[in-house]
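Colleague: I'm new to this one and would like a close look at a single part. Could you pick one strand, walk me through its surroundings, and then point out anything odd in the backbone?

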Amino acid sequence: MALKTILTITGPEIGWRSDLKLAANLCEQAEAHLSVLVMALAAPPPIGEYTAVMSDGWMQERQADQRHLRARTEEISAFVAANPVSGDVVSDYAEVGWADEMIGRRARYADLTLAGPELLASETLRQKAIEGALFWSGKPLLLVPEGAKPTLNPKHVLVAWDTRIEATRAVRESLDLLATADEVRLAIVDPVEGERSHGEEPGADVATFLARHGVKITVDRLPSENHSVADVLRRHAIDTGAEMLVMGGYGHSRLRERIFGGVTRSMLENPPLPVFLAR
């Protein structure tokens, strides 16, 4: 999939220059259009016996938020206009409960949503951006942690494989990236042989599929040895010098991930390198 539009998300309450410079650099690398969504999250309306007393203060807070949002949008628009890549900037003042859906709607018109380190440092907006991109857009998401140097032409890529449809989707969405890499390693943690699991030879089927697309693929079958899957993948990414990790997002429900934990949740909280996610 050729990347022609990259979306990045920021807000008036968080830093933005680092994320936008990163996004602009990737757009320049891919000859892509930069789309920026500046989103402010609205405070919920007051309820209960003090509603009448608090409503004036709530309205004043909303008006101040909207002024701040307009000022930040103008500031970012000036930055984008001064950049060599083409770009557009839109803003939205969203109720918290609907923010992920609104982000997802915007992300449908991009090939990739980028979540940079400044966005990832914002707890609420980060969660809404990630869930909006993964659950509401049908498009992939690239997480870039602090200190990482992302590229859309990685030479060494690690693919986390577990046969679920989310992993299949991530592989499909990243095919162009995988095909141009010098080395792609397919990691399967604690593989289980059998038709209903990883196949008679775990990883062979997906490796054959990728090889037909020109991917230089190696299958790594890894034991967990009482470590979490996320920790095994982190260590293997470091050991193999991976520049990007490709994986499916939320193989279990969001509620289950939040209560019991999961690979996606662990990677979102502590990504070891740029992570390409699809669902």
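Modeller: Let's take strand S7, residues 183-189, which is mostly covered: 6 of its 7 residues are buried. Keep in mind that this is a predicted model. S7 pairs with strand S6, residues 156-160, in the parallel sense, and 5 bridges link the two. If you want a spot to look at there, find His156, which stands opposite Glu183 in S7. S7 also runs parallel to S8, and 6 bridges join that pair. Here you can look for Arg185, which has Thr218 in S8 standing opposite.

Now follow the chain out of S8, residues 217-222, into the loop between that strand and helix H9, residues 229-239; Asn226 sits in this loop. Here's your backbone oddity: Asn226 has a positive phi of about 70 degrees although it is not a glycine. That stands out because most residues other than glycine have a negative phi. Asn226 has a relative accessible area of 82%, so it counts as exposed, the cut-off being over 50%.

There's another case to look at, Glu31, in the loop between helix H1, residues 17-30, and strand S2, residues 33-42. Its phi is near 55 degrees, again a positive value in a residue other than glycine. Glu31 counts as exposed too, because its relative accessibility is 67%.

So, to go back over the tour: S7 has S6 as a parallel partner and S8 as another, while Asn226 is in the loop that follows S8 and leads to H9.

Notes:
Residues numbered from 1 in each chain as written. Predicted model: local features only at pLDDT ≥ 70, side-chain atom pairs only at ≥ 80, totals over all residues. Heavy atoms only, no water. Helix = DSSP H or I, 4+ residues; strand = E, 2+ residues; numbered from the N terminus. Buried < 20%, exposed > 50% of the residue type's maximum accessible area, 1.4 Å probe, protein only. Pairing = 2+ DSSP bridges.
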